Amino acid sequence: MGAVERRWFVEHTADSQLTDETVQLLAKDRRDDLRLQGVQLLIDRDLLTDRQAVKFAHDKDGRIRSCMVGRVDLMEFADDTSWNIHRKIIDYVAENHIDPTPLVEKLAQNPDAGMRLWAVSMMSEKHIPLLIDDPDLIVRGDVIDRFADSLGSDLIDRLIESPWTGVRDHVAHRANNLSDVQIQKLLDNEKVGFWMRDRLEEYRKEYRKLCALEKLFGDSDSELMKSQRELALSENFGH
C-alpha cells in the first residue's frame, strides 16, 4: 500500500477500528503525520514499550519527540536543539519537581551557548557555579538575572570586580541583597553606576509613596498595618 493509500485508509477509519498491529505499523511509517498518529495511539492504548520510547525520543519529528518527555530519561534529550522540546522539558521539570542535575551538568559543557542557556532555565542555586563564569556574556547575565536574590556576598564581590562591563552591568541592574560597600562600588563605577543610581531613585520614589500611604494608620505599631504588609509580601514574593 502506497503512502497516499495509507493516508486515505487512516483518514477513513476510526481509531477504535485500527488493530494494535496496524497501530504498530503506523508508528513505523515514513510519513511524519502517520507515524505521529501511531505513536499517540500506542500511548493511548498503553502499548508503548520503553525501547520504543527511547527510539521515538530521537525521532526526526519534533512532535513525536515531545510526546516522549516524561516517558524517558531526560538525558535522552541532551543533544536536542529544538526550542519546543526545551520549553516542554523546562515545564515538565518545574511542574513535577524533577531534579535535572545530570542534564544541567551535561548541557553546561555543551559548546553551543544556546544549549547552555537552556541549562540556566532549569538550574537551581546549587548549579550556579557551573555557569556563573561562562565565556558567553548572555549566559552569565542570565545566571545573574535568574538568581538575583540568592547570589552570595563573596560571589557578588567577585562579579563587581569583573573586567567585563556586561557582568558588572547585570549586577548593578538586577542583583539584590547588596551591602552598602557593594552599592557604593557600583555607584562609583563610571560604566554601570547609572543603573544603581536609577534603582536608588526608584527606591526613594516608592518609599515616598509608602510613607504617604502609611498616614492611614494612626499607630506606628498597628497590627492591621503589619498584617497588610505580610499579605503584600505573600502576594508578591510568596513569603
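Leaving aside its neighbours within four places in sequence, which residues is Ala175 in contact with? In the predicted model, the contacts of Ala175 outside that window are Ala148, Leu151, His170 and Arg199. Ala175 is situated in the loop that runs between helix 12 (165-174) and helix 13 (180-188). Its relative accessible area is 1%, and Ala175 is therefore classed as buried, the limit being under 20%. Asp59 lies 116 residues from Ala175 in sequence, and the C-alpha to C-alpha distance between the two is 41 Å.

Leu151, one of the contacts of Ala175, also belongs to the largest nonpolar core, which has 57 residues. The members that touch the most other members of this core are Met68, Phe77, Ile89, Trp118, Met122 and Leu151. Helix 3 (residues 32-44) supplies the largest share of the core, with six residues. In soluble globular proteins, nonpolar side chains tend to be buried together. For Ile89, the residues touched beyond four places in sequence are Val69, Leu74, Phe77, Leu103, Trp118 and Met122. Among these, Phe77, Trp118 and Met122 are likewise listed with the members that touch the most others in the core.

Leu103, touched by Ile89, is one of the buried residues of helix 7 (residues 101-108), together with Thr101, Val104, Leu107 and Ala108. These residues lie on the same side of helix 7, because the arc they cover around the axis is only 165 degrees. The packing partners of the buried residues of helix 7 are helix 6 (83-96), helix 8 (113-122) and helix 9 (128-131).

Backbone geometry was examined at two loop positions. Most residues other than glycine have a negative phi. His97, in the loop between helix 6 and helix 7, has a positive phi near 55 degrees although it is not a glycine. With a relative accessible area of 73%, His97 is exposed, since the limit for that class is over 50%. Asp46, which is not a glycine, has a positive phi of about 60 degrees. Asp46 is found in the loop between helix 3 and helix 4 (50-56). The relative accessibility of Asp46 is 69%, so Asp46 also counts as exposed.

The model contains 20 salt bridges. Side chains of opposite charge can pair when their charged atoms come close. In helix 3, the side chains of Asp32 and Arg35 form a salt bridge with an N to O distance of 2.7 Å. Asp32 and Arg35 are about one helical turn apart, because three residues separate their positions in helix 3. Residues three or four places apart in an α-helix point the same way, because there are 3.6 residues a turn. Asp32 is partly exposed at a relative accessible area of 23%, whereas Arg35, at 6% relative accessibility, is buried.

A salt bridge between parts separated in sequence joins the side chains of Asp133 and Arg158, at 2.8 Å from N to O. Asp133 is in the loop between helix 9 and helix 10 (137-146) and Arg158 is in helix 11 (residues 153-160), so this pair ties together parts that are 25 residues apart in sequence. Asp133 is partly exposed at 43% relative accessibility, and the value for Arg158, also partly exposed, is 43%.

In helix 14 (residues 193-213), the helix that holds Leu210, the side chains of Lys209 and Glu206 meet in a salt bridge of 3.6 Å, N to O. Lys209 and Glu206 are three residues apart in helix 14, which means a separation of about one helical turn. Both residues are partly exposed, Lys209 at 46% relative accessibility and Glu206 at 36%. Elsewhere, Asp32, Arg35, Asp59 and Lys60 are joined into one network by salt bridges that share partners.

Leu210 of helix 14 contributes to a nonpolar patch on the surface, made together with Tyr203 and Tyr207. The area of this patch is about 330 Å². Leu210 has a relative accessibility of 38% and is classed as partly exposed.

Key. Residues numbered from 1 in each chain as written. Predicted model: local features only at pLDDT ≥ 70, side-chain atom pairs only at ≥ 80, totals over all residues. Heavy atoms only, no water. Patch = residues over 30% accessible without salt bridge, like charges linked within 9 Å, V, L, I, M, F, W, Y side chains within 5 Å. Areas by Shrake-Rupley, 256 points an atom, 1.4 Å probe, with all protein chains shown as cover. Salt bridge = Lys/Arg side-chain N within 4 Å of Asp/Glu carboxyl O. Helix = DSSP H or I, 4+ residues; strand = E, 2+ residues; numbered from the N terminus. Buried < 20%, exposed > 50% of the residue type's maximum accessible area, 1.4 Å probe, protein only. Contact = heavy atoms within 4.5 Å. Core = buried A, V, L, I, M, F, W, Y, C linked by side-chain atoms within 4.5 Å. Arc of directions from axis to C-beta.
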